[in-house]
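Trainee: Could you take me through one part of this model slowly? I would like to see how a few helices sit together and what lies around them.

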Amino acid sequence: MTVRLVPDGLWELFQRVAPEAPVRPQGGGRRRHGDREVLAAIIFVATTGCTWSQVPPVLGPSGATAHRRFAEWSRLRVWAKLYRLVLDELGARGELDWSRCAIDSVNMRALKKGDLTGPNPVDRGKYGSKIHLITERSGLPLSIGISGANLHDSQALEPLVRGVPPIRSRRGPRRRRPAKLHADKAYDSRHLRQWLRGRNITPRIARKGVEDGQRLGRHRWTIERTMAWLAGCRRLHRRYERKAIHFLAFASIACTLICYRRLSAPLTSRR
């Protein structure tokens, strides 16, 4: 089960970003569970949406151990490093299409409130969070962020674009800017258009009262599909984490798994 949850390729990448295990004094103490076993338990929680106490014993570590290691790795930004490493591998193989990107967000209810939550104006004011996402042309996520549900989408555009890391290319220098950025009417702003053009990004943003969005929808359907892929990480159906860093960690794990599936897919099944 561990190998199914953490394939050899993903494990090799994780080893490049995982911190060194602490040296235990000789002569006693419990055996430290291996990182691969713990990673499998964390991915099990992320994909099934179960609680930490429901981690099956067959995986090895207890739920408490898995949660403790998850919190430690989140604090050390291991998930962000792993996510970027997978993007680098995709970029080096020419799997990323920078010609057209899209931005959008999705809401989910925060059952325990916590950091970066707020009253959701479309959910009767109940507290929630947003996941903001930028995807490349085929729908692979390039940048992710979280906020309270009461933050307007337009306010997340600039930090999200800045958050796209410099990613390796098959040829030439690293790249972090798309040629075009597609967005719906929630991002309709003269300031944002000027800001994007200043970064040599052509804005394709629907105008309120002018465009019906169908034309832009021909290119934005890929990010809607990516949002559906995120839902495959059932831990993101609701926000259970009080700490924003832990909620962002699960979102990063989901994006990493989405990108790794493309990385490990046979060439005959790609696009």
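Mentor: Here is a walk through one group of helices and the loops that go with it. Please keep in mind that this is a predicted model.

Let's start with helix α2, which covers residues 8–15, and look at its partner α9, residues 244–264. Two numbers help here: packed helices are described by the angle between their axes and by the distance between those axes. For α2 and α9, the axes come within 10 Å and cross at roughly 120°. Angles from 65 to 115 degrees count as roughly perpendicular, and the α2–α9 pair is therefore described as oblique. The crossing of α2 past α9 is right-handed. Which residues of α2 and α9 meet? On the α2 side they are G9, L10 and L13, and on the α9 side L257, Y260 and L263. Sorted by class, this contact of α2 with α9 has five nonpolar residues, one polar residue and no charged ones.

Now turn to the other neighbour of α2, helix α3. The axes of α2 and α3 come within 11 Å and cross at roughly 110°. That angle makes α2 roughly perpendicular to α3. Here, too, the crossing of α2 and α3 is right-handed. From α2, the residues D8, L10, W11 and F14 make the contact, and from α3 they are D35, R36, L39 and I43. By class, the contact of α2 with α3 divides into five nonpolar, no polar and three charged residues. If you have the structure open, look for L10: this residue of α2 is listed in the contact with α9 and in the contact with α3.

Stay with α3 for a moment and find I42, which sits in this helix. Is I42 buried or exposed? I42 has a relative accessible area of 0%, so this residue is buried. Leaving aside residues up to four places away in sequence, I42 touches W52, A66, F70, W73, W79, F250 and I253. To place I42 relative to α2, you can use G9: the two are 33 residues apart in sequence and 17 Å apart in space, C-alpha to C-alpha.

Several of those names lead us to helix α4, residues 63–75. Helix α4 has 13 residues and reaches 18 Å from its first C-alpha to its last, close to the 18 Å expected at 1.5 Å a residue. Which residues of α4 are buried? They are G63, T65, A66, R69, F70, A71, W73 and S74. Among these, A66, F70 and W73 also appear in the list of residues that I42 touches. The cover over the buried residues of α4 includes α2, α3, α5 and α9.

Let's finish just past α4, with R77, which lies in the loop between α4 and α5. Most residues other than glycine have a negative phi. R77 has a positive phi, near 60°. With a relative accessibility of 53%, R77 counts as exposed, because the cut-off for exposed is over 50%.

For comparison, visit another loop, the one between β1 and β2, where you will find L116. Phi of L116 is also positive, near 55°. L116 has a relative accessible area of 44%, so this residue is partly exposed.

Technical notes. Residues numbered from 1 in each chain as written. Predicted model: local features only at pLDDT ≥ 70, side-chain atom pairs only at ≥ 80, totals over all residues. Heavy atoms only, no water. Axes fitted to C-alpha atoms, helices over the stretch in contact; angles between N-to-C directions. Helix = DSSP H or I, 4+ residues; strand = E, 2+ residues; numbered from the N terminus. Parallel < 35°, antiparallel > 145°, perpendicular 65-115°, else oblique. Left-handed = near helix turned anticlockwise from the far one by under 90°. Contact = heavy atoms within 4.5 Å. Nonpolar A, V, L, I, M, F, W, Y, C, P; charged D, E, K, R; others polar. Expected span 1.5 Å × (residues − 1). Buried < 20%, exposed > 50% of the residue type's maximum accessible area, 1.4 Å probe, protein only.
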